[in-house]
Amino acid sequence: MRLIALFVLGAACNPLLSAAQRAVTPSEQLDQIDALLQAQPAWILATTAVVLVIVIPVLEELIFRGFLYYVLRRACSPAAAGAAVAALFSAMHGWPAALWLLPLAAGLSVLRARYGLAECIALHCGFNFGGVVLPQVLACI
């Protein structure tokens with residue numbers, strides 16, 4: 001039940017952080033991304049959604065809050081390991097995405113320290129679902 005709740009929470013949080021992203025990302029860049037997604041056949045969009053909502057979050061969580069957190073946790077406190085992993089995770093996404101992803105990354109690090117990797121994966125998948133699939137579904141309504 002906790003994993004489902006975290007997925008839903010992630011999906012609900014994405015629109016808030018996306019608004020922050022739109023405030024700092026040049027509109028031309030966002031328009032290009034939107035146009036690229038709209039110009040694709042349905043099977044490419046579905047495959048892209050699966051990759052963005054399931055494959056990438058699982059891999060990122062295994063790397064960052066799985067392996068990297070584990071290694072850093074052996075050398076420092078949970079707070080320091082979580083902060084370092086959050087900063088690296090955010091930075092990996094480039095500027096300006098790093099700025100608006102930092103709250104998500106920090107939340108994922110707290111989840112990792114308190115609960116475990118499965119909770120991080122659920123929240124991250126939900127977050128990406130809220131940014132990739134949910135807007136498409138709502139646009140059809």
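**Figure 1. The whole chain is built from helices.** The chain holds seven helices and zero strands. Read from the N terminus, its elements run α-α-α-α-α-α-α. This is a predicted model. Of the 141 residues in the chain, 33% count as buried. The accessible surface of the chain is about 8200 Å². Carbon and sulfur atoms account for 73% of that surface. Take the contacts between residues at least 6 apart in sequence: 67% of them join residues at least 24 apart.

**Figure 2. Confidence changes from helix to helix.** The average pLDDT of the chain is 86. A score of at least 70 is reached by 87% of the residues. Which helix has the lowest confidence, and which the highest? Helix 2, residues 27-38, is lowest, with a mean of 64. Helix 4 is highest, at 95. Where pLDDT is low, the predicted coordinates should not be read in detail.

**Figure 3. Helix 4 has a buried face.** Helix 4 covers residues 78-92, 15 residues in all. From first C-alpha to last, helix 4 reaches 21 Å, close to the 21 Å expected at 1.5 Å a residue. Its buried residues are Ala81, Gly82, Val85, Ala86, Phe89 and Ser90. Why do the buried residues line one face of the helix? Seen down the axis of helix 4, they fall within an arc of 155 degrees, so they share one face. An α-helix has 3.6 residues a turn, so residues three or four places apart point the same way. The buried residues of helix 4 pack against helix 3 (42-75), helix 5 (97-114) and helix 6 (117-132).

**Figure 4. Alanine 87 and glycine 94 mark two spots in and after helix 4.** Alanine 87 sits in helix 4. Is alanine 87 buried or partly exposed? Alanine 87 counts as partly exposed, because its relative accessibility is 39% and buried means under 20%. Alanine 98 is 11 residues from alanine 87 along the chain, and their C-alpha atoms are separated by 8.3 Å. Just after helix 4 comes glycine 94, with a positive phi of about 80 degrees.

**Figure 5. The largest nonpolar core draws on several helices.** This core has 12 residues, among them Leu6, Leu17, Trp100, Leu104, Cys120 and Phe127. Helix 1 (2-24), helix 5 and helix 6 each supply at least two of its residues. Helix 5 gives the largest share, six residues. A second, separate core has seven residues, including Phe64, Tyr69, Ala86 and Ala105. In soluble globular proteins, nonpolar side chains tend to be buried together.

**Figure 6. Helix 6 carries many named buried residues, alanine 122 among them.** Helix 6 has 16 residues. It reaches 22 Å from its first C-alpha to its last, close to the 22 Å expected at 1.5 Å a residue. Buried in helix 6 are Glu119, Cys120, Ala122, Leu123, His124, Cys125, Gly126, Phe127, Asn128 and Gly130. Which residues does alanine 122 touch, leaving out those up to four places away in sequence? Alanine 122 touches Leu3, Leu6 and Phe7.

**Figure 7. Valine 55 and cysteine 125 are 70 residues apart in sequence.** Valine 55 lies in helix 3. Valine 55 is partly exposed, with a relative accessible area of 38%. Cysteine 125 is one of the buried residues of helix 6. How many ångströms separate valine 55 and cysteine 125 in space? The distance is 8.8 Å, C-alpha to C-alpha.

Methods
Residues numbered from 1 in each chain as written. Heavy atoms only, no water. Helix = DSSP H or I, 4+ residues; strand = E, 2+ residues; numbered from the N terminus. Expected span 1.5 Å × (residues − 1). Buried < 20%, exposed > 50% of the residue type's maximum accessible area, 1.4 Å probe, protein only. Arc of directions from axis to C-beta. Contact = heavy atoms within 4.5 Å. Areas by Shrake-Rupley, 256 points an atom, 1.4 Å probe, with all protein chains shown as cover. Core = buried A, V, L, I, M, F, W, Y, C linked by side-chain atoms within 4.5 Å. pLDDT = per-residue confidence, 0-100.
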